[in-house]
Amino acid sequence: MKFFIDTADLDEIREANDLGVLDGVTTNPSLCYKVGVRNFEKHVATICDIVDGDVSAEVIATEYDAIMDEAHSLAKIADNVVVKVPLIKEGIKAIKTLSDEGIRTNCTLCFSATQALLAAKAGATYISPFIGRIDDISSDGMQLIADVVTIYTNYGYETEVLAASVRHPMHVMEAARLGADVATMPMKVINQLLKHPLTDNGLERFLNDWDALQESIKQDKVAT
Ligand code: E4P
C-alpha cells in the first residue's frame, strides 16, 4: 500500500518524507488556504523537489477548456505532478482527454461507486473516494472503498484506489484490508499509525533492565 500525506504544509511534508516511507502528496484548495499558499505553482514545484513520488495538484476550473488549460500548466511543473480534477461532467471529459495525452490525473471528490466507474472508464490514474466525509453524514465510507475495489477488480481497471479523507488509523487499516492501493492522510494519522503504548512501556522496561544489568556488573567488579 502506498502512503501519501494529505497536506500543503512544507514542514509536515519534509517530516513525513524523512521517515522514508512516503510515496506521495495530495493537496487541495482548502489545504493551500490553511497554510496561506501565495504562489500555487511555485509551491507545487517546491513539494515536487522534496518528494520523489506523485504530487496531486488540483485545478480550480469547472469548465472543460479551462480545466484543460490549468491541467497543462500544472503538468509542466514537474514529472511527478498528478493533476487533480473534480468528479463532475466537465471533469470526466477532461480526464479522458488528459489520459489520451498521457497526463496523469487524480479524480477527486468521489462519493459513489458509479462515479468511480466513470472515472476509471475515462482513464483516471487515481480515484479518490472521500471516506471521512461519508462517515460524517452517518454513511459508510469504507463500504465505498470495498465496492470500488471490487468493481475495478471485476473489470481489470488500472485506476488506483486512493482512500482519501482519512481521519484515523482504523481508516488506513480497513482500507489496506480491502485492497486500496493508496491511503492519503494527515501527518497526525501517520504519527498515530506508529504509536502503541505497549511499545513505549516495553521499551522503557528493556532500557531500565539494561541499566540494572550494567549496575550489577559494576557491583560484581567492585566485589572481586
Ligand atoms: C484528498 O485528496 C483530499 O485532499 C482530502 O483527503 C480531503 O480530506 P478532508 O475530508 O479531511 O478534507
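**Exercise 1. Histidine 43 and its surroundings**

Task: In this predicted model, determine which residues histidine 43 contacts once its neighbours within four places in sequence are left aside, and decide whether histidine 43 is buried or exposed.

Solution. Begin with the contacts: beyond the four-place window, histidine 43 meets Ala8, Leu10 and Val37. Next, assign the secondary structure; histidine 43 belongs to helix α3, which spans residues 40–50. Finally, consider accessibility. The relative accessible area of histidine 43 is 15%, and the limit for a buried residue is under 20%. Histidine 43 is therefore buried.

**Exercise 2. Valine 35**

Task: Establish which residues valine 35 touches, not counting residues up to four places away in sequence, and how far apart the C-alpha atoms of valine 35 and threonine 7 are.

Solution. Valine 35 is located in helix α2 (residues 29–35). With the sequence neighbours excluded, valine 35 touches Ala8 and Asp9. Turning to the backbone, valine 35 and threonine 7 are 28 residues apart along the chain, and 8.9 Å separates their C-alpha atoms. The relative accessible area of valine 35 is 35%, so this residue is classed as partly exposed.

**Exercise 3. The packing of α4 and α5**

Task: Characterise the packing of helices α4 and α5 by angle and axis distance, by handedness and by the residues that meet.

Solution. First, the geometry: α4 (residues 64–77) and α5 (residues 89–100) pack at about 45 degrees, and their axes are 9 Å apart. Roughly parallel requires an angle under 35 degrees, and roughly perpendicular covers 65 to 115. The two helices α4 and α5 are therefore oblique to each other. Second, the handedness: α4 and α5 form a right-handed crossing. Third, the contact: α4 contributes Tyr64, Ile67, Met68, Ala71 and His72, while α5 contributes Glu90, Gly91, Lys93, Ala94, Thr97 and Leu98. By class, the residues of this contact comprise six nonpolar, three polar and two charged.

**Exercise 4. The packing of α1 and α10**

Task: Describe how α1 and α10 are oriented to each other, and state which residues make their contact.

Solution. The axes of α1 (residues 10–18) and α10 (residues 187–194) come within 10 Å, crossing at roughly 25 degrees. The helices α1 and α10 are therefore roughly parallel. Their crossing is left-handed. On the side of α1, the contact involves Glu12, Glu15 and Ala16; on the side of α10, it involves Met187, Ile190 and Asn191. These residues divide into three nonpolar, one polar and two charged.

**Exercise 5. Positive phi values**

Task: State phi for leucine 109 and for serine 165, and locate each residue.

Solution. As background, most residues other than glycine have a negative phi. Leucine 109 has a positive phi near 65 degrees. This leucine 109 lies in strand β5 (residues 105–110), and its 33% relative accessibility makes it partly exposed. Serine 165 also has a positive phi, near 55 degrees. Serine 165 is in the loop between β7 (160–163) and α9 (169–178) and is buried at a relative accessible area of 8%.

**Exercise 6. Aromatic pairs**

Task: Find how many aromatic pairs the whole structure holds, and classify the pair of tyrosine 155 and tyrosine 157.

Solution. The search yields four aromatic pairs. For tyrosine 155 and tyrosine 157, the ring centres are 6.2 Å apart and the planes lie at 40 degrees, so the pair is tilted. Tyrosine 155 is exposed at 60% relative accessibility, whereas tyrosine 157, at 25%, is partly exposed. Ring pairs link Tyr155 and Tyr157 with Tyr152 into a cluster.

How values were computed:
Residues are numbered from 1 along each chain as its sequence is written. This is a predicted model: local features need pLDDT of at least 70, side-chain atom pairs count only at pLDDT 80 or more; totals for chains, interfaces and linings use all residues. Side-chain values use heavy atoms; hydrogens and water are left out. Axes are lines fitted to C-alpha atoms, for helices over the stretch in contact, and angles run from 0 to 180 degrees between N-to-C directions. Helices (H or I, at least four residues) and strands (E, at least two) are DSSP runs, numbered from the N terminus. Angles under 35 degrees count as roughly parallel, over 145 as roughly antiparallel, 65 to 115 as roughly perpendicular and the rest as oblique. A crossing is left-handed if the near helix is turned anticlockwise from the far one by less than a right angle, and right-handed if clockwise. Contact means heavy atoms within 4.5 Å. Ala, Val, Leu, Ile, Met, Phe, Trp, Tyr, Cys and Pro count as nonpolar, Asp, Glu, Lys and Arg as charged, and the others, Gly among them, as polar. Buried means under 20% relative accessible area, exposed over 50%, partly exposed in between (1.4 Å probe, protein chains only). Rings of Phe, Tyr and Trp (its six-membered ring) pair if their centres lie within 6.5 Å; planes under 30 degrees apart count as stacked, over 60 as edge-to-face and the rest as tilted.
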